[in-house]
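Thanks for coming. Please have the sequence and the structure open while I talk, and stop me if you lose the place.

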Amino acid sequence: MFITPAYAATGPAGLDLMSFLPMIAIFAVFWLLLIRPQQKKAKEHQKMLSVLEKGDEVVTQGGVAGRVTKVGEAFLAVEIANGVEIQVQRSAVSGKLEKGTLKSL
């Protein structure tokens, strides 16, 4: 009686490119600001891990600094003090220090 029947509004039948444009722009910004730099950093870290050799000074993700004494496929022996060696996974090394850094600590 007082309520009028609701009719669906008819819109364009095809997909409109303008409706997807904001989503595409958000993805492009997301790619440029987050994904691309993270992939670049991971690639540099992998390269650094592959060139580690005996005598290099490294710091682990836990903050332990030491000198590499043995290099294995998956593990490294790191001397953290005179006569104290620990075994760490290669992936646990967060950075390579410059020569002589341990003497200044």
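Before I use a record, a word on what it is worth: UniProt annotations may be inferred rather than shown by experiment. With that in mind, an unreviewed UniProt entry lists residues 17–35 as "transmembrane region". The model on screen is a predicted one. In this model, residues 17–35 are 100% helix and 0% strand, and the C-alpha atoms at the two ends of the span are 25 Å apart.

Now the overall layout. How many helices and strands does the protein chain have? There are two helices and five strands. Read from the N terminus, the order of elements is α-β-β-β-β-β-α. Of the 105 residues in the chain, 16% are buried. The chain exposes about 8700 Å², and carbon and sulfur atoms supply 63% of that area.

Next, the sheet. In what order do the five strands lie? The order is 4-3-2-1-5, the sheet is open, and the pairing is antiparallel. Strand 4, residues 84–89, and strand 5, residues 93–97, are at the edges; each has a single partner strand, so one side of each has no neighbour in the sheet. On average, neighbouring strands are turned by 45 degrees against each other, if direction is ignored. As background, strands of a sheet pair through backbone hydrogen bonds, and they can do this either parallel or antiparallel.

Let us go through some of the pairs. Strand 1, residues 57–60, and strand 2, residues 65–71, run antiparallel and are joined by three bridges. If you want to follow that on the screen, find Glu57, which is opposite Arg67 in strand 2. Then Val58 is opposite Gly66, and Val59 is opposite Ala65. Strands 1 and 2 form a hairpin with four residues between them, and in the turn Gly63 has a positive phi of about 95 degrees.

On to the following hairpin. Strand 2 and strand 3 also form one, with three residues between them. Their antiparallel pairing covers four bridges. One residue to look for is Val71, whose bridge partner in strand 3 is Leu76.

Back to strand 1, which also pairs with strand 5: four bridges join the two, again antiparallel. Here Glu57 appears once more, opposite Leu97 in strand 5. Strand 1 also holds Thr60. Is Thr60 buried or exposed? The cut-off for buried is under 20% relative accessible area. Thr60 has 9%, so Thr60 is buried. Leaving out residues up to four places away in sequence, Thr60 touches Val88, Ala92, Val93 and Ser94.

Now the core. Which residues make up the largest nonpolar core? There are nine: Met48, Leu49, Leu52, Val58, Val68, Leu76, Val78, Val88 and Val93. Helix 1, residues 17–50, and strand 3, residues 75–81, each supply at least two of them. As a general point, nonpolar side chains tend to be buried together in soluble globular proteins.

Take Val78 as an example from that list. Setting aside neighbours within four places in sequence, Val78 is in contact with Val58, Gly66, Arg67, Val68, Thr69, Val84, Glu85, Ile86 and Val88. Val58, Val68 and Val88 from that set are also members of the core.

One last stop, towards the end of the chain. Gly100 is in the loop between strand 5 and helix 2, residues 101–104. Gly100 has a relative accessibility of 34%, so it counts as partly exposed. Gly100 and Glu57 are 43 residues apart along the chain, yet their C-alpha atoms are separated by 8.1 Å. For the chain as a whole, take the contacts between residues at least 6 apart in sequence: 41% of these join residues at least 24 apart.

That is the tour. To repeat the main items: an open sheet in the order 4-3-2-1-5, a largest nonpolar core of nine residues, and a span at 17–35 that a record lists as "transmembrane region". Questions, please.

How values were computed: Residues are numbered from 1 along each chain as its sequence is written. This is a predicted model: local features need pLDDT of at least 70, side-chain atom pairs count only at pLDDT 80 or more; totals for chains, interfaces and linings use all residues. Side-chain values use heavy atoms; hydrogens and water are left out. A nonpolar core is a set of buried Ala, Val, Leu, Ile, Met, Phe, Trp, Tyr and Cys residues joined through side-chain atoms within 4.5 Å. Buried means under 20% relative accessible area, exposed over 50%, partly exposed in between (1.4 Å probe, protein chains only). Contact means heavy atoms within 4.5 Å. Two strands pair if DSSP finds at least two bridges between them. Axes are lines fitted to C-alpha atoms, for helices over the stretch in contact, and angles run from 0 to 180 degrees between N-to-C directions. Accessible areas come from the Shrake-Rupley method with a 1.4 Å probe; for residues, only the protein chains shown count as cover.
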